[in-house]
Number of protein chains: 2
Amino acid sequence: MDSRNFILKGNFAYSESQQGITARENAWLVCADGISQGFYAEIPAEYRDFPVTDMGDRIAIPGLIDLHIHASQYSYRGTKMDLELLDWLNQNAFPEEAKFKDLDYAKKAYSIFAENMKHSATTRACIFATVHEEATELLMDLMEETGLKTMIGKVNMDRNSPDYLEEASADASAEATVRWLEKTIHKYRNVRPILTPRFIPSCSDELMNRLGTIRHTFGIPVQSHLSENQGEISLVEELCPEADFYGDAYDRCGMFGGEPGTIMAHCVWSSREELQRMKKQGVFVAHCPQSNANLASGIAPVRRYLDEGLSVGLGSDVAGGSTESIFRAMVDAIQASKLRWRLVDPSLKPLTLEEAFYLATRGGGAFFGSVGSFERGYELDVIVLDDQNLKHPQPLGVRDRLERIVYLGDERNVWKKYVAGSEIF
Amino acid sequence: MDSRNFILKGNFAYSESQQGITARENAWLVCADGISQGFYAEIPAEYRDFPVTDMGDRIAIPGLIDLHIHASQYSYRGTKMDLELLDWLNQNAFPEEAKFKDLDYAKKAYSIFAENMKHSATTRACIFATVHEEATELLMDLMEETGLKTMIGKVNMDRNSPDYLEEASADASAEATVRWLEKTIHKYRNVRPILTPRFIPSCSDELMNRLGTIRHTFGIPVQSHLSENQGEISLVEELCPEADFYGDAYDRCGMFGGEPGTIMAHCVWSSREELQRMKKQGVFVAHCPQSNANLASGIAPVRRYLDEGLSVGLGSDVAGGSTESIFRAMVDAIQASKLRWRLVDPSLKPLTLEEAFYLATRGGGAFFGSVGSFERGYELDVIVLDDQNLKHPQPLGVRDRLERIVYLGDERNVWKKYVAGSEIF
């Protein structure tokens, strides 16, 4: 029998909408071929030979989704954090990323990343590698083995970057991208390549246009950065005077929305026009609150994005963020929204736990299809949470226990993990 | 030989000033009678029979200081976080604190607190209990056994509080305080009582005056809350129209500075006058950035407090904060200062790692005397940090390793702990 046929018994919590967390106690969740068949009070006849895992008093939630993380920056997470974006890139990110030219170093560094991602609460992620084709393929190989579903991109950058990292020309960058795509596009079950221009300041118009064509030819999604920092936005205005706004510089090359999807990280300072374009073209926002604090970028108005119906998920943005924990990203998103409400704009109410949970599961999951919930028809990503180490003097309900795990938990609390119905551990 | 005579060998990091972290590699730190005798390149003759602990490649730093934590709120940390201060008190804090009337409950809840504090990176803390005399003494007994140095207060509150928690009158509250002090003031080696009026809104003028007299009689320090939230400040203006500012309402009763010391938690919205009075009278600020975000209070201008020479340390403020980790408080302090700089006041530069480390060690330690550094003459609180679980593909220096532990570490990274030279584990 397909190992992706099974039944989980116990407590469940998941999002049906932004407003609430649906909690089910003592329920049976059926998974067939990796797809949720929904909940039952008792096991229907057709599933009665499926193996049952009794989770005891633990709590199952959908796997968490990280829409924005730099695998190559994982090795220096939590160091040299006292810098702003453009300085941080020059002093920290670029010199470190250059090391991935050396495949031995890449293997050492990416193995640590893959191992920690495997044991984290994250089941799916959109990942930046570096400009290096071989190292990017190596990262894809390593992530394939974890069983997590990921999209991984070879980075493009042909201008305004240090010589030791910059690609030789738009041509060279585009050709390397095509070589990399041809090698990897059909190679994996769990990993999918994603086009990854670093951001407009690092990519010439010529390169962006070439990437737009490649995207069309290969039919692959796009990830990049957008409106993170005011200095960066001014730089884009200088570099692309013909663009109506930062996002328009992507859009003019066919790299801003449409199918297959686009994720833009940050959107801290997006203009109304930019947001309208994103909504119209289905561009996802990867909200990265910890990175936006660490790099002193600001606080994105996520309440507005939700109210206006944009597609939003969370990103850890390691190493702008220090940790891959999406629990932490949920808390950071709530806390940042409270500070923004208090200090900047009292018309935008703080996010609730329910909304942060939605962003971390269903909100980001939508980029991968029907992912991020337990409703019938969803691909079944599950993490089973054990909160025994968070001692409490009295009984708590499922929703409060979940809140406590979000605020206080870490990878130790992940007891079991399934991705699209496949058991990871 | 006194077990507080020993030598540590290895890597050390500590603050000599706010500006820098002093790192020493392959050094010997001598402790005699619990007091630092400073560093040596080789062991002097007079100490050569002291036992030596070789820490290997680990890093020793001064124990972390928590200037503000509510032990009674520890049991519901990380739950019901989507509320502002005054609602949070009524819906969360007050009903939960009422349970500590029941000593069985108190024992269960405080044992969890004491156990987790013992294994945390914290070596000293200033702790709120509840109004209950017996439960407060029980907490003191439990904390005494941990070996941590703590100041613990029975809370006073005789107005604007729910019937089920409020003390019957100013007299009743003052008398209970005297009974509690008489029983506990000479009882412990590690625990010292501290006067703990909850805050002005909960304490009548009569009660505050009685506490001022008690303070004078018994010669004990004071802790309370100050200028945390704008609604709270307005309430104090109504309740104490004669006070020049919130802090003045404490000062008029002799509860704001002088010896022995005073700690005021938060000071998010302190006026210039209030700060001047605090500086003049040596009132310590307990900066609690996570709580100030969770309760949407705002961001205290810590840079200004440091520049003006106020005494400042960090507080976890569980359960306004969700965790007792002072590593986390350091990161929260840095991140909050960056957001404040970006969004509120570009004249107040963000805190650096060095400054946050200073606040967490020497800044808060000063409330306990010569505490929080490794310089000769300091009481020796040490935590020895093991960062093996934070894997890295290449060697890092002591300062970068420390930054990584601050951003990513938790109690798992505390390998050994000493308080005033006594080994805790």
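Let me start with a loop in chain B. Pro260(B) sits between helix H7 (246-251) and strand S12 (262-266) of that chain. The bond joining Glu259(B) to Pro260(B) is a cis peptide bond, with omega at about -15°. Keep in mind that this is a predicted model.

Chain A has a cis peptide bond to show as well. Here the partners are Val318(A) and Ala319(A), and omega is about 10°. Again we are in a loop: Ala319(A) falls between strand S14 (311-314) and H11 of chain A. One more backbone point. Lys80(A) has phi near 50°, a positive value in a residue other than glycine. Lys80(A) belongs to the loop that runs between strand S5 (64-70) and helix H1 (85-98) of chain A. Why flag these? Because most residues other than glycine have a negative phi, and most peptide bonds are trans.

Now the two chains together. How does chain B map onto chain A? A turn of 180° with a shift of 0.0 Å along the axis lays chain B on chain A, at an RMSD of 0.0 Å. That is the relation of a two-fold axis.

Next, the interface. Chain B puts 57 residues into the contact, and chain A puts in 57 residues. Of the interface residues of chain B, 100% are also interface residues in chain A, so the copies meet through the same surface. The buried area between the chains is about 4,700 Å². Carbon and sulfur atoms give 52% of that. Which three residues of chain B supply the most area against chain A? They are Asp82(B), Arg342(B) and Pro393(B), with 14% of what chain B buries there.

On to charges. Side chains of opposite charge can pair when their charged atoms come close. Between chain B and chain A there are 8 salt bridges. One pair across the chains is Arg412(A) with Asp410(B), a salt bridge whose closest N and O atoms are 3.5 Å apart. Over all chains, the count is 60 salt bridges. Here is one inside chain A: Asp248(A) with Arg277(A), closest N and O atoms 2.8 Å apart. Asp248(A) is in helix H7 (residues 246-251) of chain A and Arg277(A) in helix H8 (residues 272-281) of chain A, so this pair ties together parts 29 residues apart in sequence.

Let me move to empty space. The largest pocket holds about 1,200 Å³. It has 50 lining residues, and the closest to its centre are Gly409(A), Asp410(A), Arg412(A), Asp410(B) and Arg412(B). You have just met two of those names: Arg412(A) and Asp410(B) form the salt bridge across the chains. Which helices line this pocket? From both chain A and chain B, helix H2 (103-119), H11 and helix H13 (398-408) each supply at least two residues. H11(A) gives the most, with 4 residues. By class, the lining has 18 nonpolar, 17 polar and 15 charged residues.

Last, the cavities. The structure holds 7 of 30 Å³ or more. The largest has a volume of about 200 Å³. Its lining counts 19 residues; closest to the centre are Gln335(A), Ala336(A), Leu339(A), Gln335(B) and Leu339(B). Helix H9 (289-294) and helix H11 (326-343), from chain A and from chain B, each supply at least two residues of that lining. The split by class is 10 nonpolar, 7 polar and 2 charged.

How values were computed: Residues are numbered from 1 along each chain as its sequence is written. Chains are lettered from A and ligands numbered from 1 in the order in which they are written. This is a predicted model: local features need pLDDT of at least 70, side-chain atom pairs count only at pLDDT 80 or more; totals for chains, interfaces and linings use all residues. Side-chain values use heavy atoms; hydrogens and water are left out. On a 1 Å grid over the protein atoms alone, a cavity is a set of points where a 1.4 Å probe fits but cannot get out, and a pocket is an open set with protein on both sides within 12 Å along at least five of seven lines; lining residues have an atom within 4 Å of a point. Grid points are joined across faces, edges and corners, and a volume is the space filled by probe spheres set on the points. Ala, Val, Leu, Ile, Met, Phe, Trp, Tyr, Cys and Pro count as nonpolar, Asp, Glu, Lys and Arg as charged, and the others, Gly among them, as polar. Copies are superposed by least squares on the C-alpha atoms of residues with pLDDT of at least 70 in both. Contact means heavy atoms within 4.5 Å. Buried area is the accessible area (1.4 Å probe) that two parts lose on being put together, summed over both. A salt bridge is a side-chain nitrogen of Lys or Arg within 4 Å of a carboxyl oxygen of Asp or Glu.
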